[in-house]
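Here is a short briefing on the open and closed spaces in this protein, with a look at one of its helices along the way. Have the structure open as you read.

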Amino acid sequence: MRLTPFTEEHDLLRSAVRQWVETEIAPHVADWEEQGDFPDDVFRRAGELGFLGLAFNESAGGQGGDYWSQVVFLEEVGRVSQPIAMVLSVQTDMATPPILEFGSEAQIDRWLKPALRGELIGAIGITEPDTGSDVASIRTHARRDGDEWVLNGSKMYITNGARADFITMVVRTGELDQANPWGSISMFIVDTNLPGFTVSQKLEKAGMRLSDTALLYMDDVRLPAEALLGLEGEGFTQIMWELQGERIGVSVFGVAGARAVLEAAVDYARRRETFGQPIGSYQAVSHRLADMATELEAVQALVYECCELWNRGIYATEEVAMAKLAVGQMTNKVVDAAVQTMGGAGLVEGEFVSREWLGMRIGRIGGGSDEVQRQILARIMGLA
């Protein structure tokens, strides 16, 4: 018997989310993958069902649940489609939490509440053509002009960028000071309908094709004063806080996806016969899958520890970095083992395991690469 953090209420929620996923998402994933897109109605329907605001305060338009409610949602979506889990988690775990945490009542009313209803789609804007995890080196900038800000620059690899109504964006608002490169960074809520904002290109990827990724340009975009999120110059602290929740979220649905892939491989190993017996009866296959099951459960435990810490409001940089690193490594091992077990069947285009094989590779890059997580841990250990 395994210990579980989930209550009866969480189990009821899981049943509701699973029903939605199995009836309204899963039957369409293969077609959406072929098209390389999915309808915005997925956001609206999720909002209508209350799934986009599970862990948000009721006063902010949410359901008032704990973080474990969000875990349930991400797990159920993630076991069916990593790209759909990604785009929805950008809405629930990346673009909107900073608005609740740092925003004004007016910003919550204008942006957060409609986003939780699925009426507006959000994105998080950090990465630039020349800057990724090194947030202190961002070049996109905004200067004051009377009661407005004038925004110029570009953002790269922005998930939901091609469809977003707003971008929660990290921007430089002062001259770069090499002694304190973080001090002149601020966060803004950027309305994508403003003149000068352009989706320059929707980027085609090898995997995660349903997770639209865009190159964005801002050319003299005039932002109202109320677009500033929180205090000027506090953007670096704000985005570091956001990244903790982001990394936990992608870890949650990454593990869920790996579990679904492992289940598919085990099922195949039971059914597929060679030389008169199931391939799962061969030690080379069964031990490979046993190793993957063991590693998955170990990583799951670490991720759940991070979830509980986040649920308690604890900023656990070390544990989150470990979890993000471990999940990226484990998911890729599991999906590779599944492909090896299934042989040609694991590489057929459009099938579940082959989609996940391509899609899971992003787990070692997005939200802070493996190398960044190792550097964070090395610094905590006093080695860097």
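A cavity here is a set of grid points where a 1.4 Å probe fits but cannot get out, and its volume is the space filled by probe spheres set on those points. By that yardstick, the second largest cavity has a volume of about 40 Å³. Please keep in mind that this is a predicted model.

**Closed spaces**

- Searching the whole structure turns up two cavities of 30 Å³ or more.
- The largest cavity has a volume of about 150 Å³. It is lined by 16 residues, and those closest to its centre are Gln82, Val250, Phe253, Ile362 and Gly363.
- Helices H5, H8 and H10 (317–342) each give at least two residues to the lining of the largest cavity, which by class has seven nonpolar, eight polar and one charged residues.
- Around the second largest cavity you will find Gly36, Lys202, Leu203, Glu204, Lys205, Arg209, Ser211, Asp212 and Thr213. This lining has five charged residues, three polar and one nonpolar.

**The largest pocket**

- The largest pocket has a volume of about 1100 Å³. Its lining counts 40 residues, with Thr127, Ile365, Gly366, Gly367 and Gly368 nearest the centre.
- At least two lining residues come from each of H5, strand E3 (148–159), helix H8 (235–271), helix H11 (352–359) and helix H12 (370–380). H8 provides the largest share, seven residues.
- In terms of chemistry, 21 residues of this lining are nonpolar, 14 are polar and five are charged.

**The second largest pocket**

- About 460 Å³ of space lies in the second largest pocket. Of its 19 lining residues, Ala55, Tyr67, Pro97, Trp241 and Trp310 are closest to the centre.
- Helix H4 (67–78), H5, H6, H8 and helix H9 (283–311) each contribute two or more residues to this lining.
- The lining of the second largest pocket divides into nine nonpolar, six polar and four charged residues.

**Helix H7**

- Which residues of H7 (residues 105–116) are buried? They are Gln107, Ile108, Trp111, Leu112, Pro114, Ala115 and Leu116.
- In an α-helix, residues three or four places apart point the same way, because there are 3.6 residues a turn.
- The cover over the buried residues of H7 includes helices H3 (41–48), H5 (82–95) and H6 (97–102), along with strands E4 (166–172), E5 (185–191) and E8 (228–229).
- Glycine 118, just after H7, takes a positive phi of about 80 degrees.

Technical notes
Residues are numbered from 1 along each chain as its sequence is written. This is a predicted model: local features need pLDDT of at least 70, side-chain atom pairs count only at pLDDT 80 or more; totals for chains, interfaces and linings use all residues. Side-chain values use heavy atoms; hydrogens and water are left out. Buried means under 20% relative accessible area, exposed over 50%, partly exposed in between (1.4 Å probe, protein chains only). Helices (H or I, at least four residues) and strands (E, at least two) are DSSP runs, numbered from the N terminus. Contact means heavy atoms within 4.5 Å. On a 1 Å grid over the protein atoms alone, a cavity is a set of points where a 1.4 Å probe fits but cannot get out, and a pocket is an open set with protein on both sides within 12 Å along at least five of seven lines; lining residues have an atom within 4 Å of a point. Ala, Val, Leu, Ile, Met, Phe, Trp, Tyr, Cys and Pro count as nonpolar, Asp, Glu, Lys and Arg as charged, and the others, Gly among them, as polar.
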